[in-house]
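Dear colleague,

Please find below the structure that I am handing over to you, with its sequence. My findings follow directly after it.

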Amino acid sequence: MMTIVRREATDILLFEEEGALLLYDSRLVQLTVLGHAIYEETAEERTVDELVEEMEARFGAPPDSDARALTLAAVRHLADAAVLDVTGDA
């Protein structure tokens, strides 16, 4: 089972409808609205299923795509950017 938890940013700048900018020591990471929602929901460890449920509650089910696949892709992108710590397999 995959678990996901965020790496706390030193500071965060929120943009009204465009996401957020995270500051980590000597680097900045720009988040989309979806990325910021995932960051917010992973203050405590979450499973992929929990995140998919939360993202669907916030944004609704995607009409032409799979919510789980979209959430997993965003999680992997944020993990590659060292915003999230991910353990286990989806």
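Some of what follows speaks of bridge partners in paired strands, and two strands are taken to pair if DSSP finds at least two bridges between them. Please also bear in mind that this is a predicted model.

The sheet

Three strands make up an open sheet, with antiparallel pairing and the order 2-3-4. Strand 2 and strand 4 are the edge strands, each pairing on one side only. From one strand to the next, the twist averages 15 degrees.

Strand 2 covers residues 11-15 and strand 3 covers residues 19-24; the two run antiparallel and are joined by five bridges. Within this pairing, L14 has A20 of strand 3 as its bridge partner, and F15 stands opposite G19 of the same pairing's strand 3. The connection from strand 2 to strand 3 is a hairpin of three residues.

On the other side, strand 3 pairs with strand 4, residues 27-31, again in the antiparallel sense and over five bridges. Here L21 stands opposite Q30 of strand 4. These two strands also form a hairpin, with two residues between them, and D25 in that turn has a positive phi of about 30 degrees.

Helix 1 and its residues

Helix 1 packs on the sheet and touches strand 2, strand 3 and strand 4. The direction of helix 1 makes about 60 degrees with that of strand 3.

Two residues of helix 1 deserve a separate mention. A37 is found in this helix. Is A37 buried or exposed? With a relative accessibility of 1%, A37 falls under the 20% limit and therefore counts as buried. Not counting residues up to four places away in sequence, A37 touches M55, R58 and F59. A37 and A20 are 17 residues apart in sequence, and their C-alpha atoms are 9.6 Å apart in space.

E41 also has its place in helix 1. The relative accessible area of E41 is 14%, which is under 20%, so E41 is buried as well. Leaving aside neighbours within four places in sequence, E41 is in contact with R46, L51, E54, M55 and R58.

The loop after helix 1

E45 lies in the loop between helix 1 and strand 5, which comprises residues 46-47. At 53% relative accessibility, E45 is over the 50% limit and therefore counts as exposed. Which residues does E45 touch, not counting those up to four places away in sequence? They are T3, I4, V5 and E50. E45 and R6 are 39 residues apart in sequence, yet 7.9 Å apart in space, C-alpha to C-alpha.

Helix 2

Helix 2 has 12 residues, which at 1.5 Å a residue should span 16 Å; its end C-alpha atoms are 16 Å apart, so the two values agree. The buried residues of helix 2 are V48, L51, V52 and M55. Seen down the axis of helix 2, these buried residues fall within an arc of 100 degrees, so they line one face of the helix. The general geometry is relevant here: an α-helix has 3.6 residues a turn, so residues three or four places apart point the same way.

The face of helix 2 turned away from the buried side carries the exposed residues D49, E53 and A57. What covers the buried residues of helix 2 includes strand 1 (residues 3-6), helix 1, strand 5 and helix 3. Helix 2 is followed by G60, which has a positive phi, near 85 degrees.

The nonpolar core

The largest nonpolar core has 21 residues, and those with the most contacts inside it are I4, L22, Y24, I38, Y39, V83 and L84. Strand 3, strand 4, helix 1 (33-41), helix 2 (48-59) and helix 3 (67-80) are the elements that give two or more residues to this core. Which element gives the most to this core? Helix 3 does, with five residues.

V83, one of the residues with the most contacts inside the core, touches R6, R7, L22, Y24, V29, Y39 and L78, not counting residues up to four places away in sequence.

With kind regards

Note on methods
Residues numbered from 1 in each chain as written. Predicted model: local features only at pLDDT ≥ 70, side-chain atom pairs only at ≥ 80, totals over all residues. Heavy atoms only, no water. Helix = DSSP H or I, 4+ residues; strand = E, 2+ residues; numbered from the N terminus. Core = buried A, V, L, I, M, F, W, Y, C linked by side-chain atoms within 4.5 Å. Buried < 20%, exposed > 50% of the residue type's maximum accessible area, 1.4 Å probe, protein only. Contact = heavy atoms within 4.5 Å. Expected span 1.5 Å × (residues − 1). Arc of directions from axis to C-beta. Axes fitted to C-alpha atoms, helices over the stretch in contact; angles between N-to-C directions.
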